[in-house]
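The questions below ask how certain descriptions of a structure are reached. Each answer sets a value beside the rule that gives the description its meaning.

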Amino acid sequence: MRTSQFLRDWLIPKKNNKKQWFLLMLLSTTVAIIIAFWDVWVNSQLATLGWQAWVSMAVTLVALLLNGFTSLPAEIVFLGALSVLLLSGILDTKSALAGFSNEGMVTVGVLYMVVTGLQQTGALGWISQRVLGLPKGEKAALLRLMPPIIGLSAFLNNTPVVAMFIPVVKDWCRKISISPSKLMIPVSYAAIFGGICTLIGTSTNLVVNGLLIANTDHPGLGMFDITGVGLPCAVAGTAFLYLTQGWLLPIRKPVLGNTDELRQYTIEMVVSPQSPLAGKNVEDAGLRHLPGLYLAEIVRGNQVLPAVSPKEVLRENDQLVFVGIVESVLDLHQMRGLQPATDQVFKLNSPRTERCMIEAVVSNTCPLVNKTIREGQFRSRYNAVVLAVARNGKRLLGKIGDIVLEPGDNLLLEAHPMFLEKQRASKDFYLVSSIPDSEPLRHEKAPWAIAILAVMVIVAGFNWVSMLNVSIGAAIAMLVTGCCSPNRSLQSIEWSVLLVIGAALGIGDALENTGAAQAIASTCISIAGDNPWVVLAVVYTLTVVITEIITNNAAAAIMFPISISIAQNLGVDFMPFVISVMIGASAGFATPVGYQTNMMVYGPGGYKFTDFLLIGLPMDVLLGIVTVAIAPLIYPF
């Protein structure tokens, strides 16, 4: 009875269930393909494959299904699949571990350290404010976001571009009240769009160009020879995202948690001497657009301005009283030109760059209950400074030091991380927790960080040094100049992402080395006939499919000789096929493992595997249509 009910639910999906309709369509298409290929595969290379190839394909399929339809972590799924291939003898130890020493994977890890330097100096905040602004609505945000990423990725390796923009977009989404899942996939896709616009936009283009020079009498492609096809693809892809993001991109992460609204902190900040905010009005200074925060009053000498106009011009030494949630309080402390009103933060033993923000709830046994913060000598007792206090949503008047503490008060502290270890078991506080990424910014180091980034961009753009070497150099420069701390840079590395990339590369090697990928490609092409337009579409489709399940460079290496052979057999020019392989090998939109930038945004966006399928498959088809339609016009058969 349960089985029949399950079949009815899936064979006759509900009207508004997009996932069920999509999966039913995918299942129907798969069945149709199996039937169409049944008469062909017996005489193809598939029939001659050994058990190793079939096991490799089965393991890959199971890994993709587990990643898409279970809650298992992606790194566990892919490491498990790699382990099966290793234990079965399909991969030897060297091949299985080769992915973890892959230059691309190591480059991704090193770039996290570079981005940390940009983040800790406030340079990323400058990029967000100057380049992205504060648009209203998801579509306006999308249009602001896509062009700069496409432009940078056209001349830079797209991996560092995505690594740089991920923290920027996370912070930007919170400020404009948009879920990160609405913009993280567009970040990855925009980087891919930019990569297919020039020869140096992605390593795949350079790989194909190298194969073209080595295996034909063609002199090689120029910088913009691919632009005639790549740019229309980028425009079409951007238009598709703009039109469909509202219903194809999910809301996976709320912008603000509901519990944050209960803790309304009162905090005092001072416009520091020679502050860049002095002389600007409140709105131009960016103090009216922080979510969950408002400027309650300005204290200027003996004058109090209780109803602050957005046009009120700030002056040096103005004392600003804010009320808001902890995330926005953190923004205030990381804003250049503002500093805490209390001078106690400058009297702690540890340097500010080694501190973080901590939330603590006062217990009824705390010796400071019914005393002011100053009377209780909070700083001397705990080696921590109270920055703000929250009490059941009430606004607390007066200076921080004059507030009388009560049981249940939420304190926002600045302290060394050792405070957590000392006070977690203390009876003075009910709860003690750190706030992620709350280290005071090193604004004075921002010029160094921007200069290091500029040098990295220039060196990588002209291919003077490999992307890995220039990234390592930039990371070392960030550490040597003090733009970031060693501990913080190591903590910033997304180890789960690196594990998935390394394991996926190993699985891709199994498909390639056992002949599975080659056999699938040859079988599909054998039924395409002798119409060059149809064969071109099949070449693009197969390149995309292989890219989605292994790696883009491996897909290009597999499909290039096949495409050249097909062109020769048809008696047509091979250039349309070469361009299709270039575009198809980069068009890994439908799976998170199809392109490494997809995997980089997978965690920050809170995505599921099916999220990429829903928007990625139509994107693959769209770029295929554009490529097949335009490539023969620029490079005639």
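Q: Why are strand 1 and strand 4 called paired?
A: In this predicted model, strand 1 (residues 265-271) and strand 4 are joined by six bridges in the antiparallel sense. Two strands pair if DSSP finds at least two bridges between them, so six bridges satisfy the rule. One of the residues involved is Glu 268, whose bridge partner in strand 4 is Val 321.

Q: How do you know that strand 2 pairs with strand 4 as well?
A: The reasoning again rests on bridges: strand 2 (residues 293-300) runs antiparallel to strand 4 and is joined to it by six bridges, and because at least two are required, the two strands count as a pair. Within this pairing, Tyr 294 stands opposite Val 323 in strand 4.

Q: What makes strand 4 mostly covered?
A: Strand 4 spans residues 319-324, and six of its six residues are buried, which means that each has a relative accessible area under 20%. Gln 319, Val 321 and Val 323 point one way from the strand, while Leu 320, Phe 322 and Gly 324 point the other way, and residues of both groups are buried.

Q: Why is Gln 245 called buried?
A: Gln 245, which is found in helix 12 (residues 227-248), has a relative accessible area of 3%. The cut-off for buried is under 20%, and 3% lies under it, so Gln 245 is buried. Leaving aside residues up to four places away in sequence, Gln 245 touches Glu 138, Lys 139, Leu 142 and Lys 182.

Q: How do you know that the span of helix 21 is close to what is expected?
A: Helix 21 (residues 532-549) has 18 residues, and from its first C-alpha to its last it reaches 26 Å. The expected span is 1.5 Å times one less than the number of residues, which gives 26 Å here, and therefore the span is close to the expected one.

Q: What makes the link between Asn 531 and Trp 533 a polar contact?
A: At the start of helix 21, a side-chain oxygen of Asn 531 comes to within 2.9 Å of the backbone nitrogen of Trp 533. A polar contact needs a pair of N or O atoms within 3.5 Å, so this oxygen and nitrogen meet the distance limit.

Q: Which residues of helix 21 are buried?
A: Among them are Val 535, Leu 536, Tyr 540, Thr 543 and Glu 548. In the protein chain as a whole, 55% of the 637 residues count as buried.

Terms used. Residues numbered from 1 in each chain as written. Predicted model: local features only at pLDDT ≥ 70, side-chain atom pairs only at ≥ 80, totals over all residues. Heavy atoms only, no water. Helix = DSSP H or I, 4+ residues; strand = E, 2+ residues; numbered from the N terminus. Buried < 20%, exposed > 50% of the residue type's maximum accessible area, 1.4 Å probe, protein only. Polar contact = N/O pair within 3.5 Å; in protein donor to acceptor, adjacent residues only side chain to side chain. Contact = heavy atoms within 4.5 Å.
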